Amino acid sequence: MNFGTKLIHASGDIDPATGSVSTPIYQTSTFHQFDIDNFGKYDYSRSGNPTRDVLEKLIAELEGGERGFAFASGMAAIASVLSIFSAGDHIIICGDVYGGTYRAATKLFSRFNIDFTFVDASNIEEIRSAFKENTRGLYLETPSNPLLKVTDLRAASRIANEHNAITIVDNTFMSPYLQRPLELGADIVVHSATKFLGGHSDVLAGLVVTKTKELSDRVYQVQNTFGAVLGPQDSWLLIRGIKTLKVRLDALQKSAQKLAEWLEGRDEVEKVYYLGLESMEGRELHLEQAYGAGAVLSFKFKDIERTTIFLNNVKNVAVAVSLGSVETIVSYPAKMSHAAIPKEEREQLGITDTLIRVSVGLEDIDDLLGSFQEAIEK
Ligand SMILES: *Cc1c(COP(=O)(O)O)cnc(C)c1O
């Protein structure tokens, strides 16, 4: 099956009992046992639920892994994966990691004596030299947020493998349609399915895919023990959203390319960050390991006044955190996702007060360009 067909049919979601074309929502917490000596496949929905099962099989198929897991949010998925490590372990992690993951590492897992080293993961030598005797994990995001820096996934996972460390990749920005880290050597993929996979800003969810049975068993133990599972209704919403992943991303990427090129031609704009632009550092490497530039771009205005005027006046978009939806979402990292980082440190990372991130939506591109032009010229 090609990827587009998998999106529709890999869940095998025609219900064998009734022929129902849409996956049934098994809204139940527990399951009757018909034979006390031979329990059925399901006993309790924390341990397994048929609707969640369909979703978990689907994401495993799409990422090309051994097993999939659905969680109540992206952070629940990430925290559950980090829970497979033990006190005394060391993990190397990209410095521009998602804010919630940064918090989980520095404020939560550090209390359990798991040690983290933050590196610029776009520099493979920096990754290599961060390995220690007790390094058990390498945690990556590529392209990174919000400046879209690229990590060489093949090289990074090869180095981790040489050190018997597990490579974990947060694939939220690309989705399995555009990038499949397990095929490039990674061991575990995590997703905030709240973003492109759900695709409609209406469900919070996280997904994990593991490469080997051994890793699947470790993640399943945490999922069943910690219990941050995705409910049946939200599992259904996600199954529904995933079916249109390809058509959405094809359209979103086309618009993102046009918007990036348009922004690059504006005098008010200092720099545009989008992996579809020839001017973008890391573009070649990205296109060797991914099938497209995605639908998220960032840009910097030349001055702060213009930035504020734009944000207060841009119409027909959501000015909000989050990304990957049908509507265009404009976010302001300095005051939203990266507000917790002290200004000096933030600026060093390139996240200035003039930086804006755009997750391009499905609006007609001419309307979107019109909205941007109006707000820029205000
Ligand atoms: C949003 C996001 C998360 C967190 O996911 P939630 O569903 O909000 O818990 C993790 N990683 C990345 C890259 C994200 O964009």
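Modeller: Quick ground rule before we start: a polar contact is a pair of N or O atoms within 3.5 Å; within protein, one must be able to donate a hydrogen and the other to accept it, and residues adjacent in sequence count only if both atoms are side-chain atoms. This is a predicted model, so local features need pLDDT of at least 70 and side-chain atom pairs pLDDT 80 or more, while totals for chains, interfaces and linings use all residues. Numbering runs from 1 along each chain as its sequence is written, and side-chain values use heavy atoms, with hydrogens and water left out.

Colleague: What makes the side chain of Thr194 and the backbone nitrogen of Ala205 a polar contact?

Modeller: They come to 3.0 Å, and the limit is 3.5 Å.

Colleague: Why is Thr194 called buried?

Modeller: Buried means under 20% relative accessible area, exposed over 50%, partly exposed in between (1.4 Å probe, protein chains only). Thr194 has 12%, so buried it is.

Colleague: And why are Tyr102 and Phe118 called partly exposed?

Modeller: Tyr102 has 36% and Phe118 has 31%, so both fall in the in-between class.

Colleague: What makes Tyr102 and Phe118 a tilted aromatic pair?

Modeller: Rings of Phe, Tyr and Trp (its six-membered ring) pair if their centres lie within 6.5 Å; planes under 30 degrees apart are stacked, over 60 edge-to-face, the rest tilted. Here the centres are 5.2 Å apart and the planes make 50°, hence tilted.

Colleague: How do you know that Lys271 sits over the ring of Tyr273?

Modeller: The rule wants NZ of Lys or CZ of Arg within 6 Å of the ring centre and within 35 degrees of the ring normal. Lys271 lies over the face of Tyr273 at 5.0 Å from the ring centre.
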